[in-house]
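Visitor: I should like to learn how to read the features of a protein model. May we go through them one at a time?

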Amino acid sequence: MQILVCVKPVPDPEKYDLLMIDPETRRLIREGIPTVINPADKNALEAALRIKDTTEASITVLSMAPDFCADRIRECLAMGADEAYLLSDIRFGGADTYATSRTLMKGIETIGLAPDLILAGNESADGATAHVPVQLAEWLGLPHIANVSSIERDTRAGQAPGAASWIIHKKAEQGHIRYRARPPILLSVERNSNRPRIVSALGVVKSKKKKLEILRFDALDVSSDTVGYAGSPTKAGALSIPDLSRTGQRVAGTPAEIAAAFMDIIKKSI
Amino acid sequence: MTNNPRKIKKALILADVAAGEIQQSFWELLTKVKQICPEAICGAVYIGGEYPEARETLRQSGVDVLYAAEDALLDIFRPDYHCLMLETAIRDFDPDLLLICATAEGEELAPTMGVRFRTGVAAHCVDLKIDEEGEPVCLVPAFGGKVVGEIYIPATRPRIATIKAGIFSASNQTREQKTCPTVIPIDTEVLKSRHGSIEPIGIVESAPGGRSVDKADLVVCGGYGLKDKDAFASLEKLAEYFAGAVGYTRPAVESGRPENERNLIGTSGKTVTPKVYVGFGVSGATHHVCGMKNAGTVISVNNDPNAAIFGMSDFYAVGDASKILDAMTAITEP
Ligand SMILES: Cc1cc2nc3c(=O)[nH]c(=O)nc-3n(C[C@H](O)[C@H](O)[C@H](O)COP(=O)(O)OP(=O)(O)OC[C@H]3O[C@@H](n4cnc5c(N)ncnc54)[C@H](O)[C@@H]3O)c2cc1C
């Protein structure tokens, strides 16, 4: 079985409180915020690794990101993925979800992959649109299920191994919807839906010998008006950091006094 | 300026209807459309099981056009089926603007339409306006809500936007309607001949877990700093006294204290606008604040005098969250 996992390096979401906007250029200052693999993408990779733990499977990791993210991609190999491709080119920059998903599709075509399962984190921590996985499936003409919280093998008797189907749980408004799904299919995996494994020292050693190939613009069957900012139907305007400050008034005293004051405020305000 | 190519001539809303119940978000989106493009022809699409009452309410909601894909096959969300039905309505109506509520389903439908119609999608808009040049602009959060950016979709149609429930306010005026459109049925027969590779086999409902924070005037929120085992029961008591609801932060959910994560507040949960929000042991992290920043009055308790939440509060106390909570529930007892 071939599994493709799409990952995105993002600024560490634990540190978003540190983000600032340069007053002159109006650009985002990310200084001091390290790059990490998007949390939900690690859950997607873990889901793939768990399948590989019990079945014959190969895992390819695919990412569109600048060269400096190669180390983060290697981390995925250290976790247990078999090979990785990084789509990196200055012309891919400024892409929205539409152009990103289309470039990923072109990458899959170029590599010549026909995965049975494509897994991706449900949303990235930075943009958090949850669009890219679903849109990638659409470009590939594959069915998709988003907000997936569990992937299990369908254990009904009499299933041919190759045609094996999956039981998928999708998080929905009132609980979970269960589906039976046949490959090939793309699943967007929920953050925190499993506990991603820790990279072992042996994993790191092994990862150095695994393939991590960088594919540039010229390697892909794309034109410059279909990638990056030029290929994006959405155009970004001004950025701002909303001012959320309120004139905090401290209420002091014993717990009973504070409680009485707060109860009063609530009563008056609702 | 009748030929202004930017002008929204037709707007379409995907009606958020859960098991026959029209959700508040539908009225919120409808109100927004009437505000920003009052002259536009406004359409709605219903996709789901057969609920004649819901269909009738939508027909009388103030929309000019109503599409309905009604079939037992659509009762449970199926990405392939629901996407096809929505696509059919869009092809027929040809809107300039498409608004979809950012539910788990809407978040899957919107990007799908983006690719099928080769157009842009703005996710989780916190506002939708028309700029000085008459161009619609979506304000979307990024980095957990720390940053807000403008998104334009200048060249392609429809412009698609998703909006979480509770972001816009609904006005009752939209419901006063003189002429009701006839329903345009969407052919569901095509679904019967499609043997898709996804088949729904059931719904697992989550534990009910108290009143929903969506409509509550008071939200009392438990953060990670509310460590007492019984504290969540005390929160319930306090909320109940004011007919309010209990919300929580992500770390509180992960600690397993609340029963389920239905009332998680923040980027990955709900956006609430109660008259009063009270946070107990909440630090004030971006991802959480994004979901409660528009509350009327914000009260917070934290034992760290430098907690970020204090700067975003109207009233605060430095102290132990459990102790102050218990003193508050004591007052509610006769
Ligand atoms: C991609 C992503 C999405 C996320 N989405 C969400 C989301 O939707 N909603 C959400 O809430 N979080 C979300 N988070 C997590 C978020 O970043 C913060 O970690 C979280 O909001 C912090 O919750 P907290 O305030 O309860 O916990 P903490 O940040 O751990 O704060 C606990 C607070 O309690 C105080 N405290 C400790 N003991 C006591 C005591 N005895 N009495 C009083 N105060 C005490 C501490 O001083 C501290 O300020 C997300 C994170 C990521 C990376």
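Guide: Let us begin with one side chain in this predicted model. The side chain of T332(B) reaches the backbone oxygen of T329(B) at 2.5 Å.

Visitor: In which element does T332(B) have its place?

Guide: T332(B) belongs to helix α9 of chain B, which covers residues 321–332.

Visitor: Is T332(B) buried or exposed?

Guide: The relative accessible area decides, and buried means under 20%. T332(B) has a value of 14%, and therefore counts as buried.

Visitor: Which residues does T332(B) touch, leaving aside those up to four places away in sequence?

Guide: T332(B) touches M263(A), and also L238(B) and Y241(B).

Visitor: May we apply the same reading to S101(A)?

Guide: S101(A) is found in helix α3 of chain A, residues 97–111. S101(A) counts as buried because its relative accessibility is 0%. Its side chain and that of W139(A) are joined by a polar contact of 3.0 Å. When residues up to four places away in sequence are not counted, S101(A) touches V132(A), Q135(A), L136(A) and W139(A).

Visitor: How many disulfides does the structure hold over all chains?

Guide: The structure holds zero disulfides over all chains.

Visitor: Why is C101(B) without a bond to C125(B)?

Guide: One compares the distance between the sulfurs with a cut-off: a disulfide needs two cysteine sulfur atoms within 2.5 Å. The closest cysteine sulfur to that of C101(B) is in C125(B), 12 Å away, and this is too far for a bond. C290(B) is in no disulfide either; the nearest cysteine sulfur, that of C125(B), lies 13 Å away. Turning to accessibility, C101(B) counts as buried at 4%, and C290(B) is buried at 15%.

Visitor: How many aromatic pairs are there over all chains?

Guide: The count comes to eight aromatic pairs over all chains. To describe such a pair, one looks at the ring centres and at the angle between the planes, where over 60 degrees counts as edge-to-face. The rings of Y16(A) and F143(B) have centres 5.1 Å apart and planes at 90°, so this pair is edge-to-face.

Visitor: Where do Y16(A) and F143(B) lie?

Guide: Y16(A) lies in the loop between β2 (9–11) and β3 (20–21) of chain A, and F143(B) in the loop between β9 (136–142) and β10 (147–152) of chain B; the pair therefore joins two chains. Both Y16(A) and F143(B) are buried.

Visitor: What can be said of the rings of Y67(B) and F93(B)?

Guide: Their centres are 6.0 Å apart and their planes stand at 75°, so the pair is edge-to-face. Y67(B) is in strand β5 (residues 65–70) of chain B and F93(B) in helix α3 (residues 79–93) of chain B, so the pair ties together parts that are 26 residues apart in sequence. Both Y67(B) and F93(B) are buried.

Visitor: Over which rings do the charged ends of K32(B) and R78(B) sit?

Guide: The charged end of K32(B) sits over the ring of F168(B), 4.6 Å from its centre. That of R78(B) sits over the ring of Y81(B), with 3.6 Å to the ring centre.

Visitor: What does the domain assignment give for chain B?

Guide: The assignment gives domain 1 (10–192) and domain 2 (213–332). Taken over C-alpha atoms, the centres of domain 1 and domain 2 of chain B are separated by 32 Å. Eight residues of domain 1 of chain B are in contact with nine residues of domain 2 of chain B.

Notes:
Residues are numbered from 1 along each chain as its sequence is written. Chains are lettered from A and ligands numbered from 1 in the order in which they are written. This is a predicted model: local features need pLDDT of at least 70, side-chain atom pairs count only at pLDDT 80 or more; totals for chains, interfaces and linings use all residues. Side-chain values use heavy atoms; hydrogens and water are left out. Helices (H or I, at least four residues) and strands (E, at least two) are DSSP runs, numbered from the N terminus. Buried means under 20% relative accessible area, exposed over 50%, partly exposed in between (1.4 Å probe, protein chains only). A polar contact is a pair of N or O atoms within 3.5 Å; within protein, one must be able to donate a hydrogen and the other to accept it, and residues adjacent in sequence count only if both atoms are side-chain atoms. Contact means heavy atoms within 4.5 Å. Rings of Phe, Tyr and Trp (its six-membered ring) pair if their centres lie within 6.5 Å; planes under 30 degrees apart count as stacked, over 60 as edge-to-face and the rest as tilted. A charge sits over a ring if NZ of Lys or CZ of Arg is within 6 Å of the ring centre and within 35 degrees of the ring normal. Domain bounds come from an automatic or database domain assignment.
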